[in-house]
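I opened this chain to look up its metal site, its helices and its core. My entries follow in the order in which I ended up reading them.

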Amino acid sequence: MKRDLINTGLLWLVLTILGWVLVLNWNIFPPALAREAEIVDNAFNLLMVLAVPVFTFIVAIMIYAAFRFRDPERTEDGPPIRETGRIMTAWLVVTVTLAAGILINPGFVGMAEIRAGGEPDIVIGITGQRWSWTISYPNGVDVTSYTGELVLPVDNRIEFEITSLDPDVIHSVWIPAFRIKKDAVPGRITQMFITPTETGSFEDDPNVRLQCAELCGLGHATMAMKVRIVEQAEFDAYLDEILAEGS
Ligand SMILES: [Cu+2]
């Protein structure tokens, strides 16, 4: 019995180290071009690091028991285990502690980090409708996903005021390179704050796009718009350009 515990423990350790090496080296994320994206990715990495030993604990016991206690002669079920006791208590304590811990961090702490950042430098409107986006720039000019791009100034705290045409259906604003999503609801304005930290464009990476993330009908998959994050001077020039075109 003691030997079995040691063997299972060793298997658990080996699988855990393998799992950590895998999750810490395998970069599954699209580019992170905003302050908020870093916070989300850090939270994801922390959850993976914490989840690996829980997962490998179960897998190690299953693998070890399946080989060590295999009995080809016996075909009926084993005797029921009615005793709960210490193992059950330990399991409950550990998993509840982990769950409460991640509720606090990255839960509350990460949320507070994302929300911190003060007043926005610029407010940009986004309106969804089946199946296109309309961007309302601060100079009063509207650009749609048919006619243009969503151009954003880097290093600005941007407030997106998001809504959906009324009447229409619920859409959801999602720019994968920023990670965060926000619903666009008819008759209501929702807010999303983003601070882009790097320039980039759809041409560099398809994750730099505004994509509807709420199944909204036949054209849902195509409800996308190119995004371009540019330096402040280029952004100001862009605003002048669309104003001149519009007037
Ligand atoms: Cu949609």
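**Entry 1: the end of H3**

I began just past a helix: Gly 117 follows H3 and has a positive phi, near 145 degrees. The model is a predicted one, and I read every value below with that in mind.

I then went back over H3 itself, residues 85-115. Its 31 residues should span 45 Å at 1.5 Å a residue, and the end C-alpha atoms are 44 Å apart, so the two agree. Which residues of H3 are buried? I found Pro 106, Gly 110 and Ile 114, and the buried residues of H3 pack against H2.

Pro 106 needed a second look. Pro 106 sits in helix H3, yet the peptide bond joining Asn 105 to Pro 106 is cis, with omega about 15 degrees.

**Entry 2: H1**

I looked up H1 next, residues 2-25. This helix has 24 residues and reaches 35 Å from first C-alpha to last, close to the expected 34 Å. I noted Asp 4, Thr 8, Thr 16, Gly 19 and Val 23 as its buried residues. Helix H2 (35-68) is included in what covers them.

**Entry 3: domains and core**

I took the domain assignment as given: domain 1 is 2-67 + 93-115, and domain 2 is 122-246. Their C-alpha centres lie 34 Å apart. Across the boundary, 13 residues of domain 1 are in contact with 17 residues of domain 2.

I then listed the largest nonpolar core, which has 40 residues. The members touching the most others are Ile 124, Tyr 137, Leu 150, Phe 160, Phe 178 and Leu 210. Among the elements that each supply at least two residues of this core are strand E1 (122-129), strand E5 (158-164), strand E11 (224-230) and helix H4 (232-246). Both domains give residues to this core, so it lies between them.

I checked Phe 178 by itself. Leaving out residues up to four places away in sequence, Phe 178 touches Leu 33, Ala 34, Glu 36, Ala 37, Leu 152, Ile 194, Pro 196 and Ile 229.

**Entry 4: the copper ion**

Which protein atoms are the donors of the copper ion? I recorded His 171 (ND1), Cys 212 (SG), Cys 216 (SG) and Met 223 (SD), at 2.0 to 2.7 Å from the ion. Along the chain the donors follow the spacing H-x40-C-x3-C-x6-M. The angles among the four donor atoms run from 89 to 123 degrees, and the site is tetrahedral. For reference, the ideal angle for four tetrahedral donors is 109.5 degrees. Cys 216 and Met 223 are both buried.

**Entry 5: backbone oddities in loops**

I found a cis peptide bond from Asp 166 to Pro 167, with omega near 5 degrees. Pro 167 lies in the loop between E5 and strand E6 (171-174).

I also noted two positive phi values in residues other than glycine. Asp 155 has a phi of about 60 degrees and is found in the loop between E4 and E5. Arg 179 has a phi near 75 degrees and lies in the loop between E6 and strand E7 (181-184).

Are these two buried or exposed? Asp 155 counts as exposed because its relative accessibility is 54%, over the 50% cut-off. Arg 179 is buried, with a relative accessible area of 14%, under the 20% cut-off.

Notes. Residues numbered from 1 in each chain as written. Predicted model: local features only at pLDDT ≥ 70, side-chain atom pairs only at ≥ 80, totals over all residues. Heavy atoms only, no water. Donors = N, O, S within 2.8 Å, 3.2 Å for Na, K, Ca; no water. Tetrahedral: all angles 85-135°; square planar, octahedral: opposite > 155°, others 65-115°. Buried < 20%, exposed > 50% of the residue type's maximum accessible area, 1.4 Å probe, protein only. Helix = DSSP H or I, 4+ residues; strand = E, 2+ residues; numbered from the N terminus. Expected span 1.5 Å × (residues − 1). Contact = heavy atoms within 4.5 Å. Core = buried A, V, L, I, M, F, W, Y, C linked by side-chain atoms within 4.5 Å. Domains from an automatic or database assignment.
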